[in-house]
Amino acid sequence: RTIAERLGLPTLPHRFECIDVSHTWGKETVAAIVAFRDGEPDRKHYRSFHIRSVSGGDDYGAMREALTRRFRRGKAHEAGWELPDLLVVDGGRGQLGIAQAVLAELELSHLPVAALAKEKPNALGAELVDRVYMPGRLNPVEVRSAMSALGILSQARDEAHRVSNALRI
């Protein structure tokens, strides 16, 4: 099954972006947005943001700032800032809510958004799986394998982690 089928999207997302926020003990907060086109990294459309409006490890505030800056440019049709077919945020329901709020404020609510969370091991040592949270969907969609249709989202999240951590060095 395709990403569109698994997530209930109206069309297959040929181009998607994934955002990750990173900081060093609440300082030097940065955000990285990586882009994928047809399942491959699209490095010329990677974007990085040094967060200016928040500090102290406010991941929600940092995500709000980065997404606002990124999508204002996309909405204005600035060259090189075209809108993706899907936005993926690193995190769970809270990050999903922030992304939805930013898109609504910018009148871009039509843009599909998902949150990808890496689950922590439970006391029984159960197998870890990523979970994709979607607006209006009660239960998350599990990503059981990197080889599955949704595995590309995990790869994008890992790439966003790599890029955001490299920004702080």
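Among contacts in the chain between residues at least 6 apart in sequence, what share joins residues at least 24 apart? In this predicted model, the share comes to 54%. That figure is a good place to begin, and the overall layout of the chain comes next.

The secondary structure consists of 4 helices and 8 strands. Followed along the sequence, these elements appear in the order α-β-β-β-β-α-β-α-β-β-β-α. The chain has a radius of gyration of 15 Å, close to the 15 Å that the globule rule gives for 169 residues, so it is as compact as a globular protein of that length. Along its principal axes, the C-alpha trace spans about 40 × 35 × 30 Å. Of the 169 residues in the chain, 47% are buried.

The aromatic side chains offer a first look at the interior. A pair of aromatic rings is described by the distance of the centres and the angle of the planes. The chain contains 2 aromatic pairs. In one of them, the ring centres of Phe16 and Phe36 are 5.4 Å apart and the planes meet at 20 degrees; the pair is stacked because planes under 30 degrees apart count as such. Phe16 belongs to strand 1 (residues 15-24) and Phe36 to strand 2 (residues 27-37), so that this pair links distant parts of the chain, 20 residues apart. Both Phe16 and Phe36 are buried.

The other pair is formed by Phe49 and Trp81, whose ring centres are 6.4 Å apart. With their planes at 55 degrees, Phe49 and Trp81 are tilted. Phe49 sits in strand 4 (residues 47-50), while Trp81 is found in the loop between helix 2 (59-75) and strand 5 (86-90); the pair therefore ties together parts that are 32 residues apart in sequence. Phe49 is buried, at 4% relative accessibility, and Trp81 is buried too, with a relative accessible area of 10%. Trp81 has a further partner in Arg47, which lies over the face of the ring at 4.4 Å from its centre. A similar arrangement involves Arg70, which lies over the face of Phe71, at 4.6 Å from the ring centre.

Charged residues come next. Side chains of opposite charge can pair when their charged atoms come close. How many salt bridges does the model hold? The count comes to 14. One of them joins Arg15 and Glu17, with the closest N and O atoms 2.9 Å apart. Are these two residues buried or exposed? Arg15 is buried, at 4% relative accessibility, and Glu17 is buried as well, with a relative accessible area of 2%. Arg15 and Glu17 also take part in a network of salt bridges that links them with Arg37, Asp42, Arg70 and Glu82. Arg70 is thus a residue met twice here, over the face of Phe71 and within this network.

Another salt bridge connects Arg64 and Glu105, whose closest N and O atoms are 3.0 Å apart. Arg64 lies in helix 2 and Glu105 in helix 3 (residues 93-105), so the pair ties together parts that are 41 residues apart in sequence. Arg64 is partly exposed, with a relative accessible area of 29%, whereas Glu105 is exposed, at 55%.

Helix 3 also holds Leu103, which is buried at 2% relative accessibility. Which residues does Leu103 touch, not counting those up to four places away in sequence? They are Phe71, Leu87, Leu108, Ser109, Leu111 and Val113. Leu103 and Val113 are 10 residues apart along the chain, and their C-alpha atoms are separated by 9.2 Å.

The passage closes with helix 4 (residues 151-167). At 1.5 Å a residue, its 17 residues should span 24 Å, and the end C-alpha atoms are 25 Å apart, which agrees. Its buried residues are Gly151, Ile152, Leu153, Ser154, Ala156, Arg157, Glu159, Ala160, Val163 and Ser164. Within this helix, Glu159 forms a salt bridge with Arg162, the closest N and O atoms being 2.9 Å apart. Because they are 3 residues apart in the helix, Glu159 and Arg162 are separated by about one helical turn. Glu159 is buried, at 12% relative accessibility, while Arg162 is partly exposed, at 47%.

Note on methods: Residues are numbered from 1 along each chain as its sequence is written. This is a predicted model: local features need pLDDT of at least 70, side-chain atom pairs count only at pLDDT 80 or more; totals for chains, interfaces and linings use all residues. Side-chain values use heavy atoms; hydrogens and water are left out. Rings of Phe, Tyr and Trp (its six-membered ring) pair if their centres lie within 6.5 Å; planes under 30 degrees apart count as stacked, over 60 as edge-to-face and the rest as tilted. Helices (H or I, at least four residues) and strands (E, at least two) are DSSP runs, numbered from the N terminus. Buried means under 20% relative accessible area, exposed over 50%, partly exposed in between (1.4 Å probe, protein chains only). A charge sits over a ring if NZ of Lys or CZ of Arg is within 6 Å of the ring centre and within 35 degrees of the ring normal. A salt bridge is a side-chain nitrogen of Lys or Arg within 4 Å of a carboxyl oxygen of Asp or Glu. The expected span of a helix is 1.5 Å times one less than its number of residues. The radius of gyration is taken over C-alpha atoms; the globule rule is 2.2 Å times the number of residues to the power 0.38. Contact means heavy atoms within 4.5 Å.
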